Amino acid sequence: MDPSRRAVLGAGLYSAALVVPGFDAVAGRAEAATAGRTVRIGAGDVQTVRKMTENVAGILDDLGGAHARPMAAAFLVNTVGPYLKAGGTEEARKAMRSAAADLVYLTGWMAMYEREHRIGQRYFVKALKLAGAAEDHLTYCRTLRGMALQASRLGHGAKALELADSAAEAAPAAGPRLTAFLRGQQAHGAAMVKDRRQAFTRLRETEAALSRADGRNDHIGGYDRAAYEFHVAHVLWELGDRPASARALRRSNRVRPTQERQGRLHTNGLLARRLLAMRHVEESCDTWARFLDDYTGTSSARGDEHFTALRQGLRPYRRLPAVRQLSDRVREVARLKAA
C-alpha cells in the first residue's frame, strides 16, 4: 500500500493468469499482524475509514484520480494500516477489515484508471482477502467485478467474462442494485467473446434488476441508469452496432448526475473517439468541446489518454473549419496543462 514503494509494486505486468482466491478460501481468515500504534479500535474508527472513503470517491468524481489516489494511499499507510493491527472486539475488527477492503478496492480502481494495471491488480487481490476476512460478500463481489472491468479494458475478453461470472456466482443473494452492477459486466464480457445471445440476455437482466433498486446509490461501486447505458454502449460496440452504441453513450451522459465530472469526461472522450472512427468529424468536434469543458478542471491519466487521442485523431481533418476552430482551444488547454 505504501506510495513510496510504487516502483517496486509496479514491477511486472498485469497477469491474466492470476489465480483469484475464492470467497470460501478467505472467509473469516485474517493475516497475522504485529500490533501497531493504535491499541484498540471501535465503531468510531470504522466510521472514520468509511467517511474518508466517501470523501476520496467524491474527489475522484470531481477532480480525478491523480488527486484522489495519493490521498487514499497515504491514508491507507498512515491510518488504516495501524487500525488493522490494533486490538478490539471481533465485531469491531471485522467491521474495520470491511471498511479497509472498500478503500483498498477504490484505490485499485483508481490505479487501474491511471493505467498502473499491475498495482491495481495487487490492490484488488488485497481487497478480496480483506473482504473475505470480514465475511463481506458485497465488497468481495464488487472487487471481482472491478477485476472483470480491468480485464476488459486490456482486451482479455474471456478473462473478463470469467471474472464477471465469478462475481455473480459469489453473490447468490445480492440485492437488485448489485445484481444490475454484476449483470452489466457479464453483458460486456459476453459481447467481447461475441456471444450475442448471452450479452443481450444479461442486459435485459441488468435493466430489470435496476428497475427494482431503491433510490439510494452507493458512493463506492454504485450502479445507476448512466452506468447501465454505458454497458449498453460497450455491448453494442463490441457486436458491431456503432450508431446505436453512440446513442447509448449520449443517453448515459444525459442521465448522469452533474457532480460526476470524471464519468462525464470519460464518456465524452469515448464518444468523441468513436464518432471520429465513424468519420462523423463535426459531431466528434462538438463532443470534444464538451470533453474539454471537464478536462481543464480534472487530472487523470484517463483524461490525458483521451486528450492525446484528440490531438492525434483530428490531424487528418485539420483543414475542416470545425477542426480548425477546435484546434485553437486544444492548443490553449495543452498550454495550461503543461504550465
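Start by selecting G155: this residue follows helix 7 and has a positive phi, near 85°. You are looking at a predicted model, so read every value on this tour as computed from that model.

**Helix 7 and its start**

From G155, step back and select residues 137-153, which make up helix 7. The helix has 17 residues and reaches 25 Å from its first C-alpha to its last, close to the 24 Å expected at 1.5 Å a residue. Turn on the neighbouring chain segments and you will see how covered helix 7 is: 14 of its 17 residues are buried, so the rest of the structure largely encloses it.

Next, go to the N-terminal end of helix 7 and show the side chain of D136. This residue caps the helix, with a side-chain oxygen 3.2 Å from the backbone nitrogen of L138.

Now select E135. It sits in the loop between helix 6 (117-133) and helix 7. Most residues other than glycine have a negative phi. E135 is not a glycine, yet its phi is positive, about 55°. Is E135 buried, partly exposed or exposed? Its relative accessibility is 46%, so E135 counts as partly exposed.

**Helix 5 and a contact to draw**

Select residues 90-113 for helix 5. Its 24 residues reach 35 Å from first C-alpha to last, which is close to the 34 Å expected at 1.5 Å a residue. Helix 5 is mostly covered, with 19 of its 24 residues buried.

Within helix 5, pick out D102. With a relative accessibility of 8%, D102 counts as buried because the cut-off for buried is under 20%. Show the side chain of R142 as well, and draw the distance between the two: a polar contact of 2.5 Å joins the side chains of D102 and R142. Then add E54 to the selection. E54 and D102 are 48 residues apart along the chain, and their C-alpha atoms are separated by 9.8 Å.

Follow helix 5 to its end and continue to R115, just after the helix, where phi is positive at about 65°.

**E114 and the largest cavity**

Stay in this region and select E114, in the loop between helix 5 and helix 6. E114 is buried, with a relative accessible area of 16%. Bring up S300 alongside: E114 and S300 are 186 residues apart along the chain, while their C-alpha atoms are separated by 6.4 Å.

Both residues belong to the next stop, since the lining of the largest cavity includes E114 and S300. For the full view, select L60, G65, W109, M110, Y113, E114, Q262, S300 and R302, the residues that line this cavity. About 50 Å³ of space lies inside the largest cavity, and the structure holds two cavities of 30 Å³ or more.

Which helix gives the most to this lining? Helix 5 does, with three residues. If you colour the lining by residue class, you should find four nonpolar, three polar and two charged residues.

**Helix 9 and the loop after it**

Move on to residues 176-192, helix 9. At 1.5 Å a residue its 17 residues should span 24 Å, and the end C-alpha atoms are 24 Å apart, which agrees. Helix 9 is mostly covered as well: 15 of its 17 residues are buried.

Past the end of helix 9, select K194, in the loop between helix 9 and helix 10 (196-212). K194 is not a glycine, but it has a positive phi of about 65°.

**Two cysteines to finish**

Select C285, which you will find in helix 14 (residues 281-295). C285 is buried, with a relative accessible area of 4%. Display L275 too: L275 and C285 are ten residues apart in sequence and 9.1 Å apart in space, C-alpha to C-alpha.

For the last selection, choose C141, which is buried with a relative accessible area of 0%. How many disulfides does the structure hold? There are zero disulfides.

Technical notes: Residues are numbered from 1 along each chain as its sequence is written. This is a predicted model: local features need pLDDT of at least 70, side-chain atom pairs count only at pLDDT 80 or more; totals for chains, interfaces and linings use all residues. Side-chain values use heavy atoms; hydrogens and water are left out. On a 1 Å grid over the protein atoms alone, a cavity is a set of points where a 1.4 Å probe fits but cannot get out, and a pocket is an open set with protein on both sides within 12 Å along at least five of seven lines; lining residues have an atom within 4 Å of a point. Grid points are joined across faces, edges and corners, and a volume is the space filled by probe spheres set on the points. Helices (H or I, at least four residues) and strands (E, at least two) are DSSP runs, numbered from the N terminus. Ala, Val, Leu, Ile, Met, Phe, Trp, Tyr, Cys and Pro count as nonpolar, Asp, Glu, Lys and Arg as charged, and the others, Gly among them, as polar. Buried means under 20% relative accessible area, exposed over 50%, partly exposed in between (1.4 Å probe, protein chains only). A polar contact is a pair of N or O atoms within 3.5 Å; within protein, one must be able to donate a hydrogen and the other to accept it, and residues adjacent in sequence count only if both atoms are side-chain atoms. A disulfide is a pair of cysteine sulfur atoms within 2.5 Å. The expected span of a helix is 1.5 Å times one less than its number of residues.
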